[in-house]
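Reader: I would like to go through this model with you and ask, at each step, what a given description rests on.

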Amino acid sequence: MSSTSWTEDEDFSILLKALDEYDGLITAGMKLPSLVCAITGKGPLKEFYKRVIEKMHFKHVDICTPWLEAEDYPVLLGSGDLGVCLHKSSSGLDLPMKVVDMFGCRLPVCALDFQWYV
């Protein structure tokens, strides 16, 4: 589960590469569950990544890229098993609000290394 504004602040090729490797492990015979990955949001790179995803032809991974109404967003987060945050702060000082949203819905988060200075 991830949310994004689909900008250069987030490199979704990292997630797509990991999902491709995961799909390959299952195809090779490893006993792992299939995955559903929801990436919510809208922004300038959304169509680019949708085209990349369409070309990947996963067998054991489904990716959806919905735009959600505000009241539906916490419901989706609350139904997930893991949140993914690929945001790189340009200032290095801000905690992405998506992480706060995920924590608020009790969703554990896997994120890029984030140096938080108080």
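Reader: What makes up the secondary structure of the protein, and in what order do the elements run?

Author: In this predicted model, the protein has four helices and five strands, and from the N terminus on they follow the order β-α-β-α-β-α-β-α-β.

Reader: Why is leucine 19 called buried or exposed, whichever applies?

Author: Leucine 19 has a relative accessible area of 7%, and the word buried is used for values under 20%, so leucine 19 is called buried. Leucine 19 lies in helix H1, which covers residues 13-27.

Reader: Which residues does leucine 19 touch, leaving aside those up to four places away in sequence?

Author: With contact meaning heavy atoms within 4.5 Å, leucine 19 touches Leu35, Cys37, Phe58, Val61 and Ile63. Phenylalanine 103, by comparison, is 84 residues from leucine 19 along the chain, and the C-alpha atoms of the two are separated by 23 Å.

Reader: How do you know whether the radius of gyration agrees with that of a compact globule?

Author: For 118 residues a compact globule would have a radius of gyration near 13 Å, and the protein has 15 Å, which agrees. The C-alpha trace spans about 45 × 30 × 25 Å along its principal axes.

Reader: What share of the residues is buried, and what supplies the exposed area?

Author: Of the 118 residues, 32% are buried, while the protein exposes about 7600 Å², with carbon and sulfur atoms supplying 59% of that area.

Conventions. Residues numbered from 1 in each chain as written. Predicted model: local features only at pLDDT ≥ 70, side-chain atom pairs only at ≥ 80, totals over all residues. Heavy atoms only, no water. Helix = DSSP H or I, 4+ residues; strand = E, 2+ residues; numbered from the N terminus. Rg over C-alpha atoms; globule rule 2.2 N^0.38 Å. Buried < 20%, exposed > 50% of the residue type's maximum accessible area, 1.4 Å probe, protein only. Areas by Shrake-Rupley, 256 points an atom, 1.4 Å probe, with all protein chains shown as cover.
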